[in-house]
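Please work through the exercises below with the sequence and the coordinates at hand. Each task is followed by a solution in steps.

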Amino acid sequence: MVGGLALTFASGTLLLLAEVGTFATSIVFWIKMGLVALLLGNGYGRLRCEIALRRGGVARWGWFRRASIASLALWFLIVLFGTLLHSTT
């Protein structure tokens with residue numbers, strides 16, 4: 001997951017730098033970058049939950065499941081907005 005996030009962040013940064021005038025004003029681009037930021041935050045929360053589970057925090061399984069589902073949904077939304085971004089430029 002970390003590799004995918006790093007690649008998404010790097011490609012988004014390079015895309016922005018390649019055509020600053022086009023993407024700086026693109027709502028779709030900024031929504032996609034916001035989704036990437038949410039995914040990073042969700043990944044951090046999921047990691048903390050995983051650490052707690054390894055230490056025996058059985059009550060964290062529900063949170064871990066919700067964070068995993070949110071991660072999957074965010075990845076799909078990022079792909080969707082990447083496709084929309086491609087079609088609007």
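The exercises that follow concern a predicted model.

**Exercise 1. Determine how many salt bridges the structure holds, and describe the position and exposure of the residues concerned.**

Solution.
1. A salt bridge requires a side-chain nitrogen of Lys or Arg within 4 Å of a carboxyl oxygen of Asp or Glu. The structure holds one such salt bridge.
2. The partners are arginine 54 and glutamate 50, whose side chains meet at 2.8 Å, N to O.
3. Both residues belong to helix α3 (residues 27-54), where they are four residues apart and thus separated by about one helical turn. An α-helix has 3.6 residues a turn, so residues three or four places apart point the same way.
4. Arginine 54 has a relative accessible area of 70% and is therefore exposed. Glutamate 50, at 25% relative accessibility, is partly exposed.

**Exercise 2. Find the aromatic pairs in the structure and classify the geometry of the pairs that involve phenylalanine 29 with phenylalanine 23 and with tryptophan 30.**

Solution.
1. A search of the whole structure yields three aromatic pairs.
2. For phenylalanine 23 and phenylalanine 29, the ring centres are 5.5 Å apart and the planes stand at 45°, so this pair is tilted.
3. For phenylalanine 29 and tryptophan 30, the ring centres are 5.1 Å apart and the planes stand at 80°; the angle is over 60 degrees, so this pair is edge-to-face.
4. Phe23, Phe29 and Trp30 form one aromatic cluster.
5. Buried means under 20% relative accessible area. Phenylalanine 23, at 4%, is therefore buried, and phenylalanine 29, at 1%, is buried as well. Tryptophan 30, at 44%, is partly exposed.

**Exercise 3. State which residues leucine 16 touches, leaving aside residues up to four places away in sequence.**

Solution.
1. Leucine 16 is located in helix α1 (residues 2-18), and its relative accessibility of 22% makes it partly exposed.
2. Its contacts, with residues up to four places away in sequence not counted, are Phe23, Ala24, Phe29 and Trp30.
3. Phe23, Phe29 and Trp30 are the members of the aromatic cluster, so leucine 16 touches each of these three rings' residues.
4. Along the chain, leucine 16 and phenylalanine 29 are 13 residues apart, and their C-alpha atoms are separated by 8.7 Å.

**Exercise 4. Assess the span of α3 against the expected value, list its buried residues, and inspect the residue just after α3.**

Solution.
1. With 28 residues, α3 reaches 40 Å from its first C-alpha to its last, close to the 40 Å expected at 1.5 Å a residue.
2. Its buried residues are Val28, Phe29, Lys32, Met33, Leu35, Val36, Leu39, Asn42, Gly43, Gly45, Cys49 and Leu53.
3. Just after α3, glycine 56 adopts a positive phi of about 105°.

**Exercise 5. Identify the buried residues of α4 and the nonpolar surface patch that includes Leu84.**

Solution.
1. Helix α4 covers residues 61-88. Its 28 residues reach 40 Å between the first and last C-alpha, close to the 40 Å expected at 1.5 Å a residue.
2. The buried residues of α4 are Phe64, Ala67, Ser71, Leu74, Ile78, Phe81, Gly82 and Leu85.
3. On the surface, Leu77, Leu80 and Leu84 form a nonpolar patch with about 230 Å² of accessible area together.
4. Patch residues must have over 30% relative accessible area. Leucine 84 has 35% and is partly exposed.

Technical notes: Residues are numbered from 1 along each chain as its sequence is written. Side-chain values use heavy atoms; hydrogens and water are left out. Patches are made of residues with over 30% relative accessible area and no salt bridge: like charges are joined within 9 Å, nonpolar side chains (Val, Leu, Ile, Met, Phe, Trp, Tyr) within 5 Å. Accessible areas come from the Shrake-Rupley method with a 1.4 Å probe; for residues, only the protein chains shown count as cover. Helices (H or I, at least four residues) and strands (E, at least two) are DSSP runs, numbered from the N terminus. Buried means under 20% relative accessible area, exposed over 50%, partly exposed in between (1.4 Å probe, protein chains only). Rings of Phe, Tyr and Trp (its six-membered ring) pair if their centres lie within 6.5 Å; planes under 30 degrees apart count as stacked, over 60 as edge-to-face and the rest as tilted. Contact means heavy atoms within 4.5 Å. The expected span of a helix is 1.5 Å times one less than its number of residues.
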